[in-house]
Amino acid sequence: MTATETSRETGAGAAVHGGTPIGPRVIAFARDYAALILLVAVFVTLSIISSSFLSFTNIMNILNQNAPLAIIAVAGTFVIVSGAFDLSTAAMYSVVSVVAASIATSTGSVWLALLAAPVLGLVMGALNGLAVTRLNVHSFLATLASSLVYKAVAVLVTGGSLITVTTSGFSELGRGKVAGIFFSVLILIAVFAVASLLLNGTVFGRHVFAVGGNPEAAHLSGVRVDRVKVIVFALSGLAVGIAGAIGVSRLASGQPQAGTGLELQAIAAVILGGSSIYGGIGAVWRSLVGVFLIALIGNGFDILNVNPQMKDLVTGVIILAAVALAAADRRRR
Amino acid sequence: MNSLRISGTVALTATALLLTACGAADSAGSDGDTLKVAVLAASSQNGYNQAVYKGVKEAAAASGKKIDLKLLDGQFDSNTQLSQLQNVTSTGNYDGVVVVPNDGVGLAAAFPLSKKIPVATVLNPVGPDINKMEPQVDGVVTTVGVPPAMAAEKQADGVVTYCAEINPCNAVLLVGNLSTPLDVARRDAYNKVLGAHPNIKVVSTVEGQYDRDTSLKAISNVLQAHKDINVILSNADQEAAGAQIALQNAGIKPSSIYLTGAGGTKDAVAAVRAGTWKGAYINFPASMGKAAMEELVKAMDGGTAKAVVNADDIGGTEPYATKETLTKTPDFTGEWNG
């Protein structure tokens, strides 16, 4: 729960709740935690109707598959809470994917290749932040433009073709396990812990909320708004780099098409989880709820062998329902 | 002048310079002896389309004529490509078109063309029937491809042979994108052939979206419910490569099942040679691009182009590749990277 939410729900909200009958309070709770409730509902439903769903291997499978997207969404929470968008995550993902694969094939060094990904992501993210702040361009347009630049770089590096990596040990990061748990899942847990602490337990986190809530007021309060914006975009790039390292390692190949659609998936997950698209309100755990709600639907449909088009239909309806419930909650308040 | 005006002036000047530079590049060599050909890629960022373009360039260079090629990026978007075809045929600046249709059915809306110039199509026909290679609209002079249903049936025949002694033989269909006519035709062809054999049970049909990661996820999910799979039948090598990783992650040796893709990437040819995959339907995109350009040159010269070029016959190896068939062409490595 965010600092903003804490004050909203346990401060003034508690006084109001104190005199409110239990029924409306339950409804208000359901609206505020719509995505989480839907996640639990889908989880329970799949556990009942599919004998294959509720197993350690399947749960680990879901976590592992979606770890890269979840890592990007976790960092994307900072961007959206700060009142901005990052539409370049997919393009950055493709760049780090092909660069890491190129380095691995040309040098034979696994660590150099995989470390290059987050470093490159951090640089590209910082450039996004500088484009937004120094050129005073809205983040939507700035990252849309940078996504074209980054995507073009990925294609130019490869000529549109896939780079297959056969370097020994390269796949270990994406496919390796310790005690039955994929490395990617452990990385996700670490990223989640650090990001939660950063957003909820530091001065920087409060500044992110302040910038997203009211940048003018934040500026007048002494917050260095531009610096906060550059940092959140840099964090987004860093997360894309980490996710890209996992992805390229898992597939043992880099390609310019890698990550297609990731930017919208990440934004959808953050918003679906309940963070505000207008900035100032959000939480890292909410983004994970959004990611795994969509992931469970995909997993369930594949297991149940339902027509793939029905998966899109149901996913769309659930996203609409969750976001509409959250919007109704905001109007009520 | 404020900073906004300065920025605007700089942007306008830069744009003008860029456009001038591009225009200069485009017009280079465009005299009366030069033929101008637009190559409409479904996506110029895609390895398959790049290989087609490579073949087109080779044929243009070998033709002995001055041919100015311009590659346009369809961005895997049917409307974008339709607009591009309408633009290049209405400006009067081009003498011919080679197109890799993103959606041949939708692209038919551009016909009849504003200016009658010959169009050569690669991989997919242009017109309402995706399995009819003969020109369906006035303006298409040659189609280099094979009916997708026919190719899919050949793949499925390989499954039938493999499953002959297995009952039940559990098969997973890993199909590209079931919202496109091409992949629906392939899925239907798979089901038609496999459905005639009671021992073969299609336990799941999932989309791979021509992407390793998507296919890895889909097959990983399917393996949670079906651990006794005998066959994974895919229409794309990228998807079969993702399925291979999913099998390995699940502790299943890919060579222990009938895993097959399509497309003929270098990785796929190597996997079939190694026995990791049982087969792959080979495409020859560079040879297809070359053949399309050769026929287009004939048409631009006022001659008659061959209406249909069977893409299976031009690559120098048996299109449905198995370890056995590939031993006959030891030098063949594939014409593109996935």
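In this predicted model, 53% of the 333 residues of chain A count as buried. Chain A is built from 15 helices and four strands. Its C-alpha atoms fill a box of roughly 70 × 55 × 35 Å along the principal axes. What radius of gyration would a compact globule of 333 residues have? The answer is near 20 Å, and chain A has 20 Å, so the two agree. Now look at contacts in chain A between residues at least 6 apart in sequence: 80% of them join residues at least 24 apart.

**Two helices side by side**

Let's zoom in on one pair of helices. Two packed helices are described by the angle between their axes and the distance between the axes. Helix 4 of chain A covers residues 56-81 and helix 9 of chain A covers residues 183-201; they pack at an angle of about 25°, with their axes 9 Å apart. Because angles under 35 degrees count as roughly parallel, helix 4 of chain A is roughly parallel to helix 9 of chain A. Is their crossing left-handed or right-handed? It is left-handed.

Which residues meet there? From helix 4 of chain A come, among them, Met60(A), Leu63(A), Asn64(A), Ile71(A) and Phe78(A). Their partners in helix 9 of chain A include Ser184(A), Val185(A), Leu188(A), Val191(A) and Leu199(A). Sorted by type, the residues of this contact are 14 nonpolar, three polar and no charged.

**Some unusual backbone spots**

Most residues other than glycine have a negative phi, and most peptide bonds are trans. Here are some spots in chains A and B that go the other way.

| Spot | Backbone value | Where to find it |
|---|---|---|
| Phe111(B)–Pro112(B) | cis, omega about 0° | Pro112(B): loop between helix 4 (104-107) and strand 4 (119-123) of chain B |
| Asn167(B)–Pro168(B) | cis, omega about 0° | Pro168(B): loop between helix 5 (148-163) and strand 6 (169-175) of chain B |
| Asn136(A) | phi about 55° | loop between helix 6 (110-134) and helix 7 (139-158) of chain A |
| Gln209(B) | phi near 55° | loop between strand 7 (200-207) and helix 7 (212-225) of chain B |

Neither Asn136(A) nor Gln209(B) is a glycine, yet each has a positive phi. How do they sit relative to the surface? Asn136(A) has 68% relative accessibility, so it counts as exposed. Gln209(B), at 35% relative accessibility, counts as partly exposed.

Technical notes
Residues numbered from 1 in each chain as written. Chains lettered and ligands numbered in written order. Predicted model: local features only at pLDDT ≥ 70, side-chain atom pairs only at ≥ 80, totals over all residues. Heavy atoms only, no water. Axes fitted to C-alpha atoms, helices over the stretch in contact; angles between N-to-C directions. Helix = DSSP H or I, 4+ residues; strand = E, 2+ residues; numbered from the N terminus. Parallel < 35°, antiparallel > 145°, perpendicular 65-115°, else oblique. Left-handed = near helix turned anticlockwise from the far one by under 90°. Contact = heavy atoms within 4.5 Å. Nonpolar A, V, L, I, M, F, W, Y, C, P; charged D, E, K, R; others polar. Rg over C-alpha atoms; globule rule 2.2 N^0.38 Å. Buried < 20%, exposed > 50% of the residue type's maximum accessible area, 1.4 Å probe, protein only.
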